[in-house]
Amino acid sequence: MTSSVSFRITRTAEDLAQTITALSQRLVKLEQRQEALELQMRQQQKDLNAVPNEEISTLEGVEALLRETRELLDSTAPITEPEMAEDSSQHDSWGQEAETEASCDVA
């Protein structure tokens, strides 16, 4: 009877050892798979956040065009109403001087 109990204990211990080995191997595989998935996820996030060089150069070109357009608009800004009034009064006074000189020449 002792031999059968001893056999069962040995057999149970062997089964437990095999089960633990199998579980350990599965755990290692799962950890490796998790690491691979995390690496893949990080790479995808990096790819999503990265802007291709071609797109960056295109955007820089657009930015330069916008800057040039703003500079052109600023340099050719329309004359405001007060400036227009000053200009027209100067033109009127010049016209009056020319008329006065012409009338003096006639007299």
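**Exercise 1.** Determine where arginine 11 and aspartate 15 lie in this predicted model, and whether their side chains are paired or unpaired.

*Solution.* Step 1: Arginine 11 and aspartate 15 are both part of helix H1, with a spacing of four residues, about one turn of the helix. Step 2: Side chains of opposite charge can pair when their charged atoms come close. Step 3: The closest N and O atoms of arginine 11 and aspartate 15 are 4.0 Å apart. The cut-off for a salt bridge is within 4 Å, and the pair is counted as a salt bridge.

**Exercise 2.** Describe how arginine 11 and glutamate 14 are placed and joined.

*Solution.* Step 1: Both residues belong to helix H1, which covers residues 2–49. Step 2: They stand three residues apart, about one turn of the helix. Step 3: Their side chains form a salt bridge, with an N to O distance of 3.8 Å.

**Exercise 3.** Classify arginine 11, glutamate 14 and aspartate 15 by their relative accessibility.

*Solution.* Step 1: A residue is partly exposed when its value lies between the limits for buried, under 20%, and exposed, over 50%. Step 2: Arginine 11 has 42% and is therefore partly exposed. Step 3: Glutamate 14, at 41%, is partly exposed. Step 4: Aspartate 15, at 33%, is partly exposed.

**Exercise 4.** State how many salt bridges are counted and which residues they join into one network.

*Solution.* Step 1: The count is two salt bridges. Step 2: Through shared partners, Arg11, Glu14 and Asp15 are joined into one network.

Note on methods
Residues numbered from 1 in each chain as written. Predicted model: local features only at pLDDT ≥ 70, side-chain atom pairs only at ≥ 80, totals over all residues. Heavy atoms only, no water. Helix = DSSP H or I, 4+ residues; strand = E, 2+ residues; numbered from the N terminus. Buried < 20%, exposed > 50% of the residue type's maximum accessible area, 1.4 Å probe, protein only.
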